[in-house]
Amino acid sequence: MKLENKISIITGAASGIGKATAILFGEEGSTVVVADIDMEGARKTADEMREKGGRAFPVKVDLSDIGDIQSTVLDIKEKFGDIHILVNNAGVFSKVQIQDMTEEEWDRVMDINLKGAFFLSKEVLPMMIKQQYGKIVNVSSLSAKRGGFTSGVNYGVSKAGLISVTKYMANFGGRYGINVNAIVPGFVDTEMFQNHPEEKKKAVIKSIPIGRIARKEEIAKAIMFLSSEDSSYITGEILDINGGVLMD
Ligand SMILES: NC(=O)c1ccc[n+]([C@@H]2O[C@H](COP(=O)([O-])OP(=O)(O)OC[C@H]3O[C@@H](n4cnc5c(N)ncnc54)[C@H](O)[C@@H]3O)[C@@H](O)[C@H]2O)c1
């Protein structure tokens, strides 16, 4: 198993990509802290993982609240010991366009997608430095590179910021045995995508060379690769997973 004896935190694992990743991590031997603001969903993910023989613990955290991040990490450390792997997957979408953008809406998305991911990484880092071992995978988005599709500018900016955080932390973490990478999914079969208007969805699929959107499990496998020893010499990588819709 690729993640035997590893303790992981996966944020946003109550649903979608995070849930698929948690299930895969459980199958590969990792103990998974299923961290989400949606405790009911986190419990369901943990139950599903346990049914498949995995070790899972649901934990409630609000990533927009730095105080909550700090106390949650202390709790996790006390219960499970030092963390080996952190997947910053939780995120919120915004459809609000320029004329309707408010400071509140800007901050809502930035606080969870960017600030939350950075401050959680900051709290987990000392444990990784102590172990001289760690893997951090940040979940960005194609919107970061394309400036949005139907998303608001705040969403793309938050995900572009996450790419910069990834490179900064990869520079910092390298000497301590910590790999920091990001994935950049295109269109994935989740609620986030299915909520787009039918016409938009058809146009999107037509534009993808592989001819379909991604399955959540295909994204989870890339996160697994970057969390395992298979990618031991990869850091600061920004990995596109988009069926060829953007080749850069
Ligand atoms: N679905 C796509 O097409 C797509 C494409 C590119 C990138 N992404 C990114 O992938 C990640 C997962 O997306 P998904 O489609 O699985 O979405 P999702 O909505 O199914 O999952 C997001 C999770 O984040 C949690 N969350 C929201 N606010 C939180 C907070 N304040 N504190 C803690 N947890 C919080 C939610 O409860 C939810 O469980 C997101 O970062 C998203 O931006 C998704």
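Nine helices and seven strands make up the secondary structure of the protein, here taken from a predicted model. The radius of gyration comes out at 17 Å, close to the 18 Å that the globule rule gives for 248 residues, so the protein is as compact as a globular protein of that length. Laid along its principal axes, the C-alpha trace spans about 50 × 35 × 35 Å. As for burial, 46% of the 248 residues count as buried. Contacts reach well along the chain, too: among those between residues at least 6 apart in sequence, 74% join residues at least 24 apart.

Now to the sheet. Its seven strands line up in the order β3-β2-β1-β4-β5-β6-β7, and this open sheet is parallel in its pairing. The edges belong to β3 (55-60) and β7 (238-241); each has a single partner strand, so one side of each is left without a neighbour in the sheet. From one strand to the next, the twist averages 20 degrees.

Strand β4 (85-88) is a handy place to look at the pairing in detail. On one side, β4 runs parallel to β1, with three bridges joining the two, and I9 sits opposite L86 of β4. β4 also pairs with β5, again in the parallel sense, over four bridges; here V87 has V137 of β5 as its bridge partner. The side chains of β4 alternate: I85 and V87 point one way, L86 and N88 point the other way, and all are buried. One strand further along, β5 (residues 134-139) and β6 (residues 178-185) pair in the parallel sense over six bridges, and K135 stands opposite N179 in β6.

Helices pack against this sheet as well. Helix α1 (residues 16-27) touches β1 (7-11), β2 (31-36), β3, β4 and β5, and its direction makes about 165 degrees with that of β1. Helix α4 (residues 103-131) lies across β1, β4, β5 and β6, and runs at about 170 degrees to β4.

That leaves the ligand. There are 29 residues around the ligand, and of these G12, G16, G91, S141 and T190 come nearest. Two elements, α1 and α7 (191-194), give two or more residues to this shell. Helix α1 thus turns up twice in the picture, packing on the sheet and contributing to the ligand shell. In terms of residue type, the shell divides into 14 nonpolar, 11 polar and four charged residues.

Key
Residues are numbered from 1 along each chain as its sequence is written. This is a predicted model: local features need pLDDT of at least 70, side-chain atom pairs count only at pLDDT 80 or more; totals for chains, interfaces and linings use all residues. Two strands pair if DSSP finds at least two bridges between them. Axes are lines fitted to C-alpha atoms, for helices over the stretch in contact, and angles run from 0 to 180 degrees between N-to-C directions. Two residues are in contact if their C-beta atoms, placed from the backbone, lie within 7 Å. The radius of gyration is taken over C-alpha atoms; the globule rule is 2.2 Å times the number of residues to the power 0.38. A residue is buried if 20 or more other C-beta atoms lie within 10 Å of its own, exposed if 12 or fewer, and partly exposed in between; C-beta atoms are placed from the backbone. A residue is near a molecule or strand if its C-beta atom, placed from the backbone, lies within 6 Å of it. Ala, Val, Leu, Ile, Met, Phe, Trp, Tyr, Cys and Pro count as nonpolar, Asp, Glu, Lys and Arg as charged, and the others, Gly among them, as polar.
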